Amino acid sequence: MAKWDADKNLGIFKREEPEVSKELTPFEQAELRFLRNTVDRLQDEKYRRDARPDINKDLWEAREHLDLFVRGLREEGRSI
C-alpha cells in the first residue's frame with residue numbers, strides 16, 4: 001500500500017510508491033518466453049510456401065501482444 005509523505009518545506013504531499021522488484025516473477029518469465037516463441041514461430045511460418053492466408057494478421061497481433069507486455073514491464077521498472 002502506498003504511503004503519503006508530507007513535504008514540509010513546500011507544504012505539499014507526495015505519494016511514496018512501494019518498492020518494485022527488478023526481477024521478473026516465474027509467471028512473467030514464462031509469459032515472456034511464450035510470447036517470444038509465438039512471434040518466432042509465426043515469423044518462420046510467414047516465409048513458408050504453404051503459409052496461411054492470414055499469417056500477416058496473426059504475426060502482427062503476436063508482435064503487439066509481446067510489445068505491450070514488455071512495455072508494461074519496463075514501465076514498472078523491471079529489467080528485461
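## A look around a two-helix protein model

Leaving out residues within four places in sequence, Glu 28 touches Glu 23, Phe 69, Leu 73, Glu 76 and Arg 78. This is a predicted model, and Glu 28 makes a handy place to start reading it. Glu 28 sits in helix 1, and with a relative accessible area of 12% it counts as buried. Two of its partners, Phe 69 and Leu 73, also turn up in the largest nonpolar core.

Now for the overall layout. The protein has 2 helices and 2 strands, and reading from the N terminus the order is β-β-α-α. There are 80 residues, and 22% of them count as buried. The exposed surface comes to about 6,800 Å², with 52% of that supplied by carbon and sulfur atoms. What about contacts that link separate parts of the sequence? Taking contacts between residues at least 6 apart, 44% join residues at least 24 apart.

How do the two helices sit against each other? Their axes come within 9 Å and cross at roughly 155°. The angle is over 145°, so helix 1 runs roughly antiparallel to helix 2. The crossing of helix 1 past helix 2 is left-handed.

Plenty of residues meet along this pairing. On the helix 1 side they include Glu 28, Glu 31, Leu 32, Leu 35 and Arg 36, and among those on the helix 2 side are Asn 56, Asp 58, Arg 63, His 65 and Phe 69. So the list has charged and polar names in it as well as nonpolar ones.Glu 45 and Lys 46 of helix 1 are on the list too.

Which residues make up the largest nonpolar core? It has 12 in all: Leu 24, Leu 32, Leu 35, Val 39, Leu 42, Ile 55, Leu 59, Ala 62, Leu 66, Phe 69, Val 70 and Leu 73. Helix 1 (26-46) and helix 2 each put in at least two residues, and the largest share, 7 residues, comes from helix 2. In soluble globular proteins, nonpolar side chains tend to be buried together.

Leu 59 is one of the core residues. Setting aside residues up to four places away in sequence, Leu 59 touches Val 39, Leu 42, Gln 43 and Lys 46. Leu 42 also appears among the contacts of Asp 58, which meets Leu 42 and Arg 52 once neighbours within four places are left aside. Asp 58 belongs to helix 2.

Asn 56 lies in helix 2 (residues 55-75) as well. Asn 56 and Glu 45 are 11 residues apart in sequence, and their C-alpha atoms are 9.8 Å apart in space.

Is each of these three residues buried or exposed? The table gives their relative accessible areas.

| Residue | Relative accessible area | State |
|---|---|---|
| Glu 28 | 12% | buried |
| Asp 58 | 15% | buried |
| Asn 56 | 46% | partly exposed |

Glu 28 and Asp 58 fall under the 20% cut-off, so both count as buried. Asn 56, at 46%, counts as partly exposed because its value lies between 20% and 50%.

Methods:
Residues are numbered from 1 along each chain as its sequence is written. This is a predicted model: local features need pLDDT of at least 70, side-chain atom pairs count only at pLDDT 80 or more; totals for chains, interfaces and linings use all residues. Side-chain values use heavy atoms; hydrogens and water are left out. Helices (H or I, at least four residues) and strands (E, at least two) are DSSP runs, numbered from the N terminus. Buried means under 20% relative accessible area, exposed over 50%, partly exposed in between (1.4 Å probe, protein chains only). Contact means heavy atoms within 4.5 Å. Accessible areas come from the Shrake-Rupley method with a 1.4 Å probe; for residues, only the protein chains shown count as cover. A nonpolar core is a set of buried Ala, Val, Leu, Ile, Met, Phe, Trp, Tyr and Cys residues joined through side-chain atoms within 4.5 Å. Axes are lines fitted to C-alpha atoms, for helices over the stretch in contact, and angles run from 0 to 180 degrees between N-to-C directions. Angles under 35 degrees count as roughly parallel, over 145 as roughly antiparallel, 65 to 115 as roughly perpendicular and the rest as oblique. A crossing is left-handed if the near helix is turned anticlockwise from the far one by less than a right angle, and right-handed if clockwise.
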